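This report concerns side-chain charge pairing and enclosed space in a single protein model. The sequence and structure are shown first, and the discussion follows.

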Amino acid sequence: MATIKDIAEKSGVSPATVSRVLNYDQDLSVSEETKKRIFEATEQLNYTKHLAKRKQFVGKIGLLQWYDEKEELDDLYYMSIRLGIEKAAEQLNYTIEKLTWSEQEMSESDLDGILILGKVSPTELARLRSEHETLVFIDYDALKEGFTSIVVDYEQSVWLALDYFIKQGIKDIGILSGLETTKWEKIPLADRRLTYFENLMKQYNLYQSKYIYQTNFTVEGGYDKLTQLIKEKKPLPQAFFCSSDAIAIGAQRAIQEHGLRIPDDIQIIGFNDISTAKYVQPALTTVKVYTEWMGELAVKTLLDLVESSPPVPQKITIASELIVRGSTKK
């Protein structure tokens, strides 16, 4: 694990600034560019390369992202996938052409294929179909529409968190799920973690609707929701599963500011294991998604499509792993 000093040296700022940024200190006044530099340095220093460089012709891959740079800073999930994509492309001697969604055609005649990182609507997907024949979707299941996709096994992820809580004898378990929409048409999207949470809790006969809450996928979203619940004296569970680490980190700060102790009063499990999760206090227990490897796998999958032209698309489902830290009891 990279130290605060390592990150400070790589990003060119003081260790104190790094510590405050990684803990999402709202009183700290630094530029978005400085935050981006710190977060990217953190991701890169905590990223173990899995690829061996292979001989390959030089080509170009298009990348269409759901999050812009500012949105990446609010939730590092897509940043870490992007960095994995960029690292794999570099290792394999491919360049990345970042695409934007506009009224003009985004297709490039010299692109070998396009990676789509994030969710899309049916209308957006139809346009992408017309842009290029070789597409791979990341974090969106487009298999039914005929495209190769790489997705996370959300059911297994939620089960890992609930199983950990239930084995401790905890019965009052809540969720802070996320609200999101498609990027361009702003169509609301269901949080599949919430769907699986509700299904599993009903199977365990532990479901309590009063512990189901939703907020934005940001640190501020988690902080504002928990602050609201505490001020309004809403019922709080013994433990929360959060649909993202960003939500969990914000919720954790609100809980602590109101005099409650983590994990003694409330336990928290996040989702993703973003690079900052290990630096907050207490360090966040979370369901780890191997995001950099996901990005790496997406590049290799796209190039396999280019080289072999398989008869049918495939869906690659990625498992996750529970990383136990200080926000839960051991």
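A salt bridge is taken here as a side-chain nitrogen of Lys or Arg within 4 Å of a carboxyl oxygen of Asp or Glu. The model under discussion is predicted, and by this rule it contains 16 salt bridges.

**Salt bridges**

Three of these pairs are set out below.

| Pair | Closest N to O distance |
|---|---|
| R82 and E86 | 3.0 Å |
| R261 and D265 | 3.4 Å |
| R325 and D273 | 3.0 Å |

The pair R82 and E86 belongs to one element: both residues lie in helix 5 (residues 77–91), 4 residues apart, or about one turn of the helix. Are the two partners buried or exposed to some degree? R82 has a relative accessibility of 4% and therefore counts as buried, the cut-off being under 20%. E86, at 23%, counts as partly exposed.

In the salt bridge between R261 and D265, the closest N and O atoms are 3.4 Å apart. R261 is partly exposed, with a relative accessible area of 49%. D265 also counts as partly exposed, at 31% relative accessibility.

The side chains of R325 and D273 form a salt bridge with an N to O distance of 3.0 Å. Which parts of the chain does this pair tie together? R325 lies in the segment after strand 13 (321–323), while D273 lies in the loop between strand 10 (267–272) and strand 11 (285–288), so the contact ties together parts that are 52 residues apart in sequence. Both R325 and D273 are buried. Elsewhere, salt bridges with shared partners join K60, E97 and D110 into one network.

**The cavity**

A search of the whole structure finds 1 cavity of 30 Å³ or more. The volume of the largest cavity is about 100 Å³. Its lining consists of 15 residues, and those nearest the centre are Y77, Y78, E180, R193 and F217. Helix 5 and strand 10 are the elements that each give two or more residues to this lining. Helix 5 is also the element that holds R82 and E86.

By class, the lining of the largest cavity comprises 7 nonpolar, 3 polar and 5 charged residues. Where does the largest cavity lie with respect to the domains? Domain 2 (59–152 + 291–318) and domain 3 (154–289) both give residues to the lining, so the largest cavity lies between them.

Methods. Residues are numbered from 1 along each chain as its sequence is written. This is a predicted model: local features need pLDDT of at least 70, side-chain atom pairs count only at pLDDT 80 or more; totals for chains, interfaces and linings use all residues. Side-chain values use heavy atoms; hydrogens and water are left out. Buried means under 20% relative accessible area, exposed over 50%, partly exposed in between (1.4 Å probe, protein chains only). On a 1 Å grid over the protein atoms alone, a cavity is a set of points where a 1.4 Å probe fits but cannot get out, and a pocket is an open set with protein on both sides within 12 Å along at least five of seven lines; lining residues have an atom within 4 Å of a point. Grid points are joined across faces, edges and corners, and a volume is the space filled by probe spheres set on the points. Ala, Val, Leu, Ile, Met, Phe, Trp, Tyr, Cys and Pro count as nonpolar, Asp, Glu, Lys and Arg as charged, and the others, Gly among them, as polar. Domain bounds come from an automatic or database domain assignment.
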